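This report considers one helix, the principal pockets and the cysteines of a single structure. The sequence and the model are shown first.

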Amino acid sequence: MTFNVRYGTADDGPHAWPLRRWAALEAIRSFRPDLLGLQEALSFQIEEIAEVLPDHGRIGVGRDDGIDRGEHAAIFYDGSRLGVQDSGTFWFSDEPDTPGSRFSDCYHPRVCSWVRFAQGFACYNLHLDNESGPSRERSVAILLDRIRCDVPVLVVGDFNTGERDPCIQAMRDAGFRDSYRILHLEGEAATYHDFGRDGNPEKIDYIWIDGNWKALRASIERGQVWGAWPSDHYPVTAILTR
C-alpha cells in the first residue's frame, strides 16, 4: 500500500486529522499491508499508525532534520515476514545525503526512504515536489541512480504528476511498470480527490514494479470509511508475487 495520509497539523476543518484519524487507521488496518509507504506523515501520526500494525517495524526520518522533524516518507513492514538488511533516507537535492537539503526551486525538502530486506528485495518510498516539474525530473534521476542494486525493486509514492509527465516516462524507460496499469489498462485513475472535492484528475500515486515482479491485484481504494474520507488521497494497493 502507498498512502499519502495528509499531514496531521493541516487546517482542514471537518477533515482535520483528529476527525478522520480513525478512518485512516481503519483503511490501513483492514488491508494490513506487508509493506506500507506513507507520505506526509508526521511523527505523531506514525505512532498512531503503529498501534494498528503491532507486528510491523518501520524505517524513515523527518525530512527537515533527518531525525523526526517534518514529514516522513516512512516504510512500515511486517516484521513476522520480513527482516531488514539495510535502510536509509536521501534527499532530492544537489546534496542528497544532507538532511534538510532541497533544490532551490522547491519550497520544502523532499525525501526518499528505502529498505533492503533479507528476503532479497528492496523498496523505495518517496514524495516528489508538488510545484516544480524540473525538480521532479531531477529527483527521479537521483532515485534511479541510487536504485542501482542486484535485487528486485519496488518504488512506491506520491509523484505529484500525471501519467504523461517526463518523470513518469523516465520510470518506464528504466524498466519499471505501474502495477495498477498492468491490470487496468484503460479508465480514470485519479488518486488525489481533495476530500471529495474533485482534486486532480490525474493518477499521481504509484506502486512501481520492476521485471522481477508480477501484479496479481491492484486497486485504488476510493471509498469512504464509515462516512469519512481517510485522507485527501486515495490509498493505492497491490498484491504482488515474484
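What should the 15 residues of helix α1 (residues 17–31) span at 1.5 Å a residue, and how far apart are its end C-alpha atoms? In this predicted model, the expected span of α1 is 21 Å, and the end C-alpha atoms lie 20 Å apart, which agrees.

The buried residues of α1 are W17, R20, A23, A24, L25, E26, A27 and I28. These buried residues pack against β1 (2–4), β2 (35–39) and α2 (43–52). After α1 comes R32, which has a positive phi, near 45°.

The two pockets with the greatest volumes are set out below.

| Pocket | Volume | Lining residues by class |
|---|---|---|
| Largest | about 540 Å³ | 15 nonpolar, 3 polar, 4 charged |
| Second largest | about 340 Å³ | 3 nonpolar, 7 polar, 8 charged |

Of the 22 residues lining the largest pocket, D34, L35, R81, W213 and L240 lie nearest its centre. At least two lining residues come from each of β2, β7 (121–127), β8 (153–158) and β12 (236–241), and β12 gives the most, with 4 residues. The second largest pocket is lined by 18 residues, and R6, E40, R110, H127 and N130 are the closest to its centre.

A search of the whole structure finds 0 disulfides. For C149, the closest cysteine sulfur is that of C123, 11 Å away, which is too far for a bond because a disulfide requires sulfur atoms within 2.5 Å. C167 is likewise in no disulfide, the nearest cysteine sulfur being that of C106, at 12 Å. C149 is partly exposed, with a relative accessible area of 33%, whereas C167 counts as buried at 1%.

Conventions: Residues numbered from 1 in each chain as written. Predicted model: local features only at pLDDT ≥ 70, side-chain atom pairs only at ≥ 80, totals over all residues. Heavy atoms only, no water. Buried < 20%, exposed > 50% of the residue type's maximum accessible area, 1.4 Å probe, protein only. Expected span 1.5 Å × (residues − 1). Contact = heavy atoms within 4.5 Å. 1 Å grid on protein atoms, 1.4 Å probe; cavity = no way out; pocket = protein on both sides within 12 Å on 5 of 7 lines; lining within 4 Å. Points joined across faces, edges and corners; volume = space filled by probe spheres on them. Nonpolar A, V, L, I, M, F, W, Y, C, P; charged D, E, K, R; others polar.
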